[in-house]
Amino acid sequence: MSTQKVALVTGAGSGVGRAVALGLAEAGYDVVLSGRRPEPLQAVAGEIEAKGRRALAQPTDIGDEASVAALFARVEETFGRLDVLFNNAGIGAPPVELDELPVATWKAVVDTNLTGAFLCTQGAFRLMKKQQPRGGRIINNGSISAHVPRPFSAPYTATKHAITGLTRSTSLDGRAHDIACGQVDIGNAATDMTVRMQAGVPQPDGSTRPEPTMDAKHVADAVVYMASLPLDANVQFMTVMATKMPFIGRG
């Protein structure tokens, strides 16, 4: 039996995705890297190959069905199987009053954060069901916003709440096929997306205050742990956050 382990990380070119991809490589996985921009993916692929693992960089628009189909065709063609999918890719929207939010912006966030996660889950399901040994694990990036919103964040918050529903449904529907699904809810990992928190971000009371962040490696360590479990055990939900961020008591 082959001991090869293969993981796919979406949004792998930077931030949490990059940290998780490198963490999985260090844990012995060959890693497929998906993202919009080829150059960052190739850079991460080089880092993974320097660790002695195989890497495949595949630029993908995860909101597009044909693009996702091409991604999973490359995974199957190159590696023949998939053991772990980390659904990480996501975007936000400008923080504006709800009634001022363009519908096109709403749809763009839904396409990437929710439809993209669904399409990748569907692709993983199809491959994991037929591969031998069968089964695998899907880990969704849910975010603290899967629990409580920030001000002016309706598109992002709605999609992250929806990811929780996708996680639960995938976990239930995957049982018969040895496909486990869990979710990691991340709070204030230090990435390019959270740099603005050093200057201050809007709070529910109308003020603007800086917020603490944490090293994205802690998220990577959590995802690697979730991935390391045998398929008869699962972390259904995990929250990893900066200890002093305003989550408990937010609002």
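This passage describes helix α1, the salt bridges, the cysteines and the internal cavity of a predicted model.

Helix α1 comprises 12 residues, from 15 to 26. The distance between its first and last C-alpha atoms is 17 Å, close to the 16 Å expected at 1.5 Å a residue. The helix is mostly covered, with 9 of its 12 residues buried. Along α1, the buried positions are Val-16, Gly-17, Ala-19, Val-20, Ala-21, Leu-22, Gly-23, Leu-24 and Ala-25. Just after the helix, Gly-28 adopts a positive phi of about 105°.

Arg-18, by contrast, is classed as partly exposed because its relative accessibility is 32%. This residue of α1 takes part in a salt bridge with Glu-47, in which the closest N and O atoms are 2.8 Å apart. Glu-47 belongs to helix α2 (residues 38-50) and Arg-18 to helix α1, so the pair ties together parts of the chain that are 29 residues apart in sequence. Glu-47 is likewise partly exposed, since its relative accessibility is 29%.

The model contains 8 salt bridges in total, among them two further pairs considered here. In one of these, Arg-81 is joined to Asp-83, with 3.0 Å between the closest N and O atoms. Both partners, Arg-81 and Asp-83, are buried. In the other, Lys-217 pairs with Asp-221 at a closest N to O distance of 3.1 Å. Lys-217 and Asp-221 are separated by about one helical turn, because they stand 4 residues apart within helix α6 (residues 217-228). Lys-217 has a relative accessibility of 46% and therefore counts as partly exposed. Asp-221, at 39% relative accessibility, also counts as partly exposed. The Arg-81 and Asp-83 pair is thus made of buried residues, whereas in the helix α6 pair Lys-217 is partly exposed, as is Asp-221.

No disulfide was identified, the count being 0. Cys-120 takes part in no disulfide, and the nearest cysteine sulfur, that of Cys-181, lies 13 Å away. Cys-181 is likewise in no disulfide, its nearest cysteine sulfur being that of Cys-120 at 13 Å. A disulfide requires sulfur atoms within 2.5 Å, so the separation of 13 Å leaves Cys-120 outside any such bond. Both side chains belong to buried residues: Cys-120 counts as buried because its relative accessibility is 0%, and Cys-181 is buried with a relative accessible area of 0%.

A search for enclosed space gave 1 cavity of 30 Å³ or more. The largest cavity holds about 50 Å³ of space. Its lining is formed by Thr-10, Ile-62, Asn-87, Asn-88, Ala-89, Asn-113, Ala-117, Asn-141, Lys-160 and Ile-163. Two helices, α4 (103-130) and α5 (154-174), each supply at least two residues of this lining. By residue class, the lining of the largest cavity is made up of 4 nonpolar, 5 polar and 1 charged residues. The charged class is represented by Lys-160, while the nonpolar class includes Ile-62 and Ile-163. Among the polar lining residues are Thr-10, Asn-113 and Asn-141.

Notes:
Residues numbered from 1 in each chain as written. Predicted model: local features only at pLDDT ≥ 70, side-chain atom pairs only at ≥ 80, totals over all residues. Heavy atoms only, no water. Expected span 1.5 Å × (residues − 1). Buried < 20%, exposed > 50% of the residue type's maximum accessible area, 1.4 Å probe, protein only. Salt bridge = Lys/Arg side-chain N within 4 Å of Asp/Glu carboxyl O. 1 Å grid on protein atoms, 1.4 Å probe; cavity = no way out; pocket = protein on both sides within 12 Å on 5 of 7 lines; lining within 4 Å. Points joined across faces, edges and corners; volume = space filled by probe spheres on them.
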